[in-house]
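Please open the structure in the viewer and keep the sequence alongside. The tour proceeds by selections, each followed by a short account of what is found there.

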Amino acid sequence: MITVTHSAAKRISGLLKEQGVESHALRLMVVSGGCSGFQYMMTLDNETKEDDTEVQIDGVRLLVDSESAPLIKGAEIDFVEGIMRSGFVINNPNAVGSCACGESFQSAQGGGQARPCSH
């Protein structure tokens, strides 16, 4: 369903350790909002819900709820470090358009509500 690169898994593992919550998972959600209609949200979570899909990669658990799953099926989570920007990047084959900031997207399934870009 979703892949996590080694660099992203390493960073997630480091975040869990820094927060003292090594048993938690990273929860990836897609919510309505952002400039293009949908935006990604990530949080640390220790509770797996009944409708969650769980993926384990390099010892890291990733949780995705059933509403978000179709919008990010086949996506890859990466972590990049650079001079201009460092952070998680989601390469999503379901995104048919995105904001210049890269933090929100439009999907072929529609939904969400596009807004003028504020970046």
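Begin by selecting Val-4: apart from neighbours within four places in sequence, Val-4 is in contact with Ala-9, Ile-12, Ile-57, Leu-62 and Ile-77. The model is a predicted one.

**The nonpolar core**

Val-4 also belongs to the largest nonpolar core, which has 24 residues. Select next the residues with the most contacts inside this core: Ile-2, Val-4, Leu-28, Leu-62, Val-64, Ile-72 and Ile-77. Two or more residues are given to the core by each of helix 1 (6-19), strand 2, strand 3 (37-45), strand 4, strand 5, helix 2 (69-72) and strand 6 (76-80). Helix 1 supplies the largest share, four residues.

**The whole chain**

Now display the full protein as a cartoon. Two helices and nine strands are present, and from the N terminus on the order of elements is β-α-β-β-β-β-α-β-β-β-β. Of the 119 residues, 41% count as buried. Among contacts between residues at least 6 apart in sequence, 53% join residues at least 24 apart. The accessible surface comes to about 6,900 Å², and carbon and sulfur atoms account for 48% of this surface.

**The sheet of strands 1, 6 and 7**

Select strands 1, 6 and 7, which form an open sheet in the order 1-6-7 with mixed pairing. Strand 1 (3-4) and strand 7 (87-91) stand at the edges; each has a single partner strand, so one side of each lacks a neighbour in the sheet. Strand 1 pairs with strand 6 in the parallel sense over two bridges, and Thr-3 stands opposite Glu-76 in strand 6. Add helix 1 to the selection: this helix packs on the sheet and touches strand 1, strand 6 and strand 7. The direction of helix 1 makes about 75° with that of strand 6.

**Strand 5 and its partners**

Move to strand 5 (residues 60-64), where five of the five residues are buried. In a regular strand, side chains alternate between the two faces of the sheet. Here Val-60, Leu-62 and Val-64 point one way, while Arg-61 and Leu-63 point the other way.

Which strands should be shown beside strand 5? Strand 2 (residues 25-33) pairs with strand 5 in the parallel sense over three bridges, with Leu-26 opposite Leu-62. Strand 4 (residues 53-57) pairs with strand 5 in the antiparallel sense over five bridges, and Gln-56 has Arg-61 as its bridge partner there.

**The hairpin at Asp-58**

Select Asp-58, in the loop between strand 4 and strand 5. The hairpin of these strands has two residues between them. Asp-58 has a positive phi of about 50° although it is not a glycine. Is Asp-58 buried or exposed? With a relative accessible area of 52%, above the 50% cut-off, Asp-58 is exposed.

**Arg-27 in strand 2**

Finish at Arg-27, which lies in strand 2. Arg-27 counts as buried because its relative accessibility is 3%, and the cut-off is under 20%. Show side chains here: that of Arg-27 makes a polar contact of 2.7 Å with the side chain of Asp-52. Leaving aside neighbours within four places in sequence, the residues in contact with Arg-27 include Met-41, Met-42, Thr-43, Asp-45, Glu-47, Thr-48 and Lys-49. Also among them are Asp-52, Leu-63 and Asp-65; Leu-63 leads back to strand 5, where it is buried.

How values were computed:
Residues numbered from 1 in each chain as written. Predicted model: local features only at pLDDT ≥ 70, side-chain atom pairs only at ≥ 80, totals over all residues. Heavy atoms only, no water. Buried < 20%, exposed > 50% of the residue type's maximum accessible area, 1.4 Å probe, protein only. Pairing = 2+ DSSP bridges. Polar contact = N/O pair within 3.5 Å; in protein donor to acceptor, adjacent residues only side chain to side chain. Contact = heavy atoms within 4.5 Å. Core = buried A, V, L, I, M, F, W, Y, C linked by side-chain atoms within 4.5 Å. Areas by Shrake-Rupley, 256 points an atom, 1.4 Å probe, with all protein chains shown as cover. Axes fitted to C-alpha atoms, helices over the stretch in contact; angles between N-to-C directions.
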